[in-house]
Amino acid sequence: MTNTKNTIVADRYSDALVELAQDGKITFGKILTDLNLVKDILEKSQDLGAFLINPLISIEDKKGVIDKVFSKEVDALIVNFLKVLVDKNRFSVFDEVLECYNKSLDDINNITRISVTSAVEMTEDSRKKLKEKLESKFKKSVILDLNINPDIIAGLVIRMGDNVMDMSLKYKLEDLSKSITR
């Protein structure tokens, strides 16, 4: 999410979805399942997404299409949520709303997602040890997103949000080269 205005808007809509679940009107899991289903349908039919954000099409026509496409597939509260996005001319931030909602769920469930890049595939034992160390350090459940990049030569690059711990050999060699040339 790069557009700050869209992020703020999406965060507010995400908060509304969290509130629905906290009020017991629908479960967190059902919201996530339904939002992912909507996303899948929108990805399969790009014309549908274009239709729902087109300012030349009336709001009533958009709501009618939402009813026809989604009412049998997703909970009525989510259908109404989609209609609110159309009413407020905010359907274009749907993907950002889903991203914000996922982050909110992670916070609620005390989960952090960490990207780990290594030069070679990590063994099951090393993955398990790394996960345990990170969970101990952050006092949260950790979900690892493992990647392989031979360019880092050896070591790890650990990325959590905007924080990066670069423990790769490539980084150390570049750092050594910079200090030698100073």
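Select L17, V18, A21 and Q22 in helix α1 together with F28, I31 and L35 in helix α2, and you have the residues through which these two helices meet, contact here meaning heavy atoms within 4.5 Å. Helices (H or I, at least four residues) and strands (E, at least two) are DSSP runs, numbered from the N terminus. By class, this contact of α1 with α2 has six nonpolar, one polar and no charged residues, where Ala, Val, Leu, Ile, Met, Phe, Trp, Tyr, Cys and Pro count as nonpolar, Asp, Glu, Lys and Arg as charged, and the others, Gly among them, as polar. Now show α1 and α2 (residues 28–44) as a pair: their axes come within 8 Å and cross at roughly 140 degrees, the axes being lines fitted to C-alpha atoms, for helices over the stretch in contact, with angles that run from 0 to 180 degrees between N-to-C directions. The two helices are therefore oblique to each other, since angles under 35 degrees count as roughly parallel, over 145 as roughly antiparallel, 65 to 115 as roughly perpendicular and the rest as oblique.

Before going on, note that this is a predicted model, in which local features need pLDDT of at least 70 and side-chain atom pairs count only at pLDDT 80 or more, while totals for chains, interfaces and linings use all residues. Residues are numbered from 1 along each chain as its sequence is written, and side-chain values use heavy atoms, with hydrogens and water left out.

Keep α1 (residues 4–22) on screen and add helix α6 (residues 94–108), whose axis comes within 8 Å of that of α1 and crosses it at roughly 55 degrees. On the α1 side the contact is made by N6, T7, A10, D11, Y13, S14, D15, L17 and V18, and on the α6 side by E96, V97, C100, Y101, S104 and I108. Eight nonpolar, four polar and three charged residues make up this contact.

Next, select helix α4 (residues 59–70) and helix α5 (residues 76–87), whose axes come within 10 Å and cross at roughly 160 degrees, which makes α4 roughly antiparallel to α5. In α4 the residues to highlight are I59, K62, K63, I66, D67 and F70, which meet V79, L82, K83, V86 and D87 in α5. This contact divides into six nonpolar, no polar and five charged residues.

Turn now to the strands, four of which form an open sheet in the order β2-β1-β3-β4 with mixed pairing; two strands pair if DSSP finds at least two bridges between them. At the edges stand β2 (141–148) and β4 (163–166), each with a single partner strand, so one side of each is left without a neighbour in the sheet. From one strand to the next the twist averages 20 degrees. Helix α7 (residues 124–138) packs on this sheet, touching β1 (111–118), β2 and β3, and its direction makes about 135 degrees with that of β2.

Within the sheet, β1 and β3 run antiparallel and are joined by four bridges, and if you select S115 you will find it opposite R159 in β3. Strand β3 (residues 156–160) also pairs with β4 in the antiparallel sense, over four bridges. Follow that pairing by selecting V157, which stands opposite D166 in β4, then R159, which stands opposite V164, and then M160, which stands opposite N163. Which residue in the turn of the β3 and β4 hairpin has a positive phi? Select G161, where phi is about 65 degrees, in a hairpin with two residues between its strands.

Finally, zoom out to the whole protein chain, which comes to eight helices and four strands, running α-α-α-α-α-α-β-α-β-β-β-α from the N terminus on. Its radius of gyration is 21 Å, well over the 16 Å that the globule rule gives for 182 residues, so the chain is more spread out than a compact globule; the radius is taken over C-alpha atoms, and the rule is 2.2 Å times the number of residues to the power 0.38. Taken along the principal axes, the C-alpha atoms fill a box of roughly 65 × 35 × 25 Å.
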